[in-house]
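Morning, everyone. I have one model to walk through today, so please look at the screen.

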Amino acid sequence: MKTATRPKEWQVGLILFIGILAVSTAAIFIRLSTESAGGRGVGFSLFLAASRLIKSKTIVYPPVTLGKLSS
């Protein structure tokens, strides 16, 4: 039976970077789509962008800090 190996530090950093970049750019696409559909304006788009960034931070931040504390 094979044992799982830990990913390298640069791999974890790359995955986190891609994830945060995807969440950040999604807000731009949300804004463009709400404008083209006759949406609610800039305030609603900024609210969506902020809520997506807060969600990603709460998901990503605890595992990262726990990993630094245990090593």
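Start with Leu-21. Its relative accessibility is 44%, so it counts as partly exposed. Buried would need under 20%, and exposed over 50%. Keep in mind that this is a predicted model.

Where does Leu-21 sit? Leu-21 is in helix H1, which covers residues 9-36. Leu-21 also belongs to a nonpolar surface patch of about 560 Å². Its partners there are Trp-10, Leu-14, Phe-17 and Ile-18.

Now the spacing. An α-helix has 3.6 residues a turn, so residues three or four places apart point the same way. Keep that in mind as you look along the patch.

H1 has a buried set too. Val-23, Ala-26, Ala-27, Ile-30 and Thr-34 are buried in this helix.

Does the length of H1 add up or fall short? At 1.5 Å a residue, its 28 residues should span 40 Å, and the end C-alpha atoms are 41 Å apart, so the two agree. Just after H1 comes Gly-38, with a positive phi of about 75°.

On to the other helix. The protein has 2 helices and 0 strands. H2 runs over residues 42-70, and Ser-56 is found in it.

Is Ser-56 buried or exposed? Ser-56 counts as buried, because its relative accessibility is 16%. What does its side chain have close by? A polar atom of the Ser-56 side chain lies 2.9 Å from the backbone oxygen of Leu-53.

Lys-55 is in H2 as well. Lys-55 is exposed, because its relative accessible area is 54%.

Lys-55 also gives us a cross-check between the helices. Its C-alpha atom is separated by 9.5 Å from that of Val-23, and their positions lie 32 residues apart along the chain. Val-23 is one of the buried residues of H1.

Last, the whole protein. Of its 71 residues, 11% are buried. The accessible surface comes to about 6100 Å². Carbon and sulfur atoms hold 70% of that surface.

That's my tour. Back to the patch with Trp-10 and Leu-21 if anyone wants to discuss it.

Note on methods
Residues numbered from 1 in each chain as written. Predicted model: local features only at pLDDT ≥ 70, side-chain atom pairs only at ≥ 80, totals over all residues. Heavy atoms only, no water. Patch = residues over 30% accessible without salt bridge, like charges linked within 9 Å, V, L, I, M, F, W, Y side chains within 5 Å. Areas by Shrake-Rupley, 256 points an atom, 1.4 Å probe, with all protein chains shown as cover. Salt bridge = Lys/Arg side-chain N within 4 Å of Asp/Glu carboxyl O. Helix = DSSP H or I, 4+ residues; strand = E, 2+ residues; numbered from the N terminus. Buried < 20%, exposed > 50% of the residue type's maximum accessible area, 1.4 Å probe, protein only. Polar contact = N/O pair within 3.5 Å; in protein donor to acceptor, adjacent residues only side chain to side chain. Expected span 1.5 Å × (residues − 1).
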